[in-house]
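Hi,

Here is the structure I said I would pass on. Have a look at it first, and my notes on what turned up follow below.

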Amino acid sequence: MADEEEQQEKKQKKAEKAGVLVLGPFFPDLIQAIDSNFTLFKLWEAEDEQAFLAHNAGQIFALVGDASIGATAHLIDALPNLEIVSCFSVGTDKVDLVKCRERGIVVTNTPDVLTDDTADLAFALVLTTMRRVCAADRYIREGLWPIHAPYPLSHTVVARQ
């Protein structure tokens with residue numbers, strides 16, 4: 001009996017939590033954190049998106065998307081209590097910012113979160129190109145080393161004096 005009451009209490013507490021609509025099956029840790037702290041609505045699992053939204057719209061106060069799945073004017077209009085659109089990506093290209101502004105909905109994103117990683121990758125590509133890493137790899141894999149002698153030297157990015 002105590003287990004049943006405990007389960008009922010958990011359901012009640014969850015029902016009292018603010019509803020968050022997640023648009024896609026993003027990172028499992030993110031989904032778990034949202035589910036632990038809010039009432040989670042998984043749009044990507046809905047067989048009929050329109051019916052799902054119509055049934056749950058009144059409970060949804062927040063929406064989570066990313067650079068590939070955002071908030072269209074149609075989706076925003078379907079959520080009368082929407083207060084925040086949270087994008088865990090750099091851009092907000094997929095969010096109807098005009099509609100959000102009209103409704104006073106806060107829009108967040110994660111600017112500069114990938115800046116250092118992008119710079120690292122750019123530097124790696126410069127080194128790979130200058131040192132001809134991909135071409136040298138193909139040369140070895142195609143068995144050309146014994147036939148055509150050593151691979152030609154490549155350029156350096158360091159100026160020697």
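Starting at the N terminus, the order of elements in the protein chain is α-β-α-β-α-β-α-β-α-β-α-α-α. That makes eight helices and five strands. The radius of gyration is 25 Å, whereas the globule rule gives 15 Å for 161 residues, so the chain is more spread out than a compact globule. Along the principal axes, the C-alpha atoms fill a box of roughly 75 × 45 × 35 Å.

Bear in mind that this is a predicted model. The average pLDDT of the protein chain is 88, and 92% of the residues reach at least 70. Among the elements, helix H5 has the highest mean pLDDT, at 97, and helix H1 (residues 2-16) the lowest, at 65. Where pLDDT is low, the predicted coordinates should not be read in detail.

Some totals for the chain, in case you want them for a quick check:

- Of the 161 residues, 24% are buried.
- The accessible surface is about 11400 Å², and carbon and sulfur atoms hold 56% of that.
- Taking contacts with a separation of 6 or more, 35% are between residues 24 or more positions apart.

Now to the part I spent my time on, strand S4 (residues 84-87). Which of its residues sit on the covered face, and which on the uncovered one? Val85 and Cys87 are on the covered face, while Ile84 and Ser86 are on the uncovered face.

S4 has pairing to report with S3 and with S5. Strand S3 (residues 60-65) runs parallel to S4, and four bridges join the two. One partnership to look up there is Val64 with Ser86 of S4. With strand S5 (residues 106-108), S4 pairs in the parallel sense as well, over three bridges. Here Val85 has Val107 in S5 as its bridge partner. To get from S4 to S5, the chain passes through helix H5 (residues 97-103), and this β-α-β crossover is right-handed. So Val85 gives you two things at once: a place on the covered face of S4 and a bridge to S5.

One last residue, further along the chain: Ala135, in helix H7 (residues 133-141). Is Ala135 buried or exposed? Neither, quite: its relative accessible area is 24%, so Ala135 counts as partly exposed, given that buried means under 20%. Ala135 is also 16 residues away from Tyr151 in sequence, with a C-alpha to C-alpha distance of 9.4 Å in space.

Cheers

Note on methods: Residues are numbered from 1 along each chain as its sequence is written. This is a predicted model: local features need pLDDT of at least 70, side-chain atom pairs count only at pLDDT 80 or more; totals for chains, interfaces and linings use all residues. Side-chain values use heavy atoms; hydrogens and water are left out. Buried means under 20% relative accessible area, exposed over 50%, partly exposed in between (1.4 Å probe, protein chains only). Two strands pair if DSSP finds at least two bridges between them. A crossover is right-handed if, with the strands pointing away from the viewer, the path from the first strand over the helix to the second runs clockwise. pLDDT is the predictor's confidence in each residue, from 0 to 100. The radius of gyration is taken over C-alpha atoms; the globule rule is 2.2 Å times the number of residues to the power 0.38. Contact means heavy atoms within 4.5 Å. Accessible areas come from the Shrake-Rupley method with a 1.4 Å probe; for residues, only the protein chains shown count as cover.
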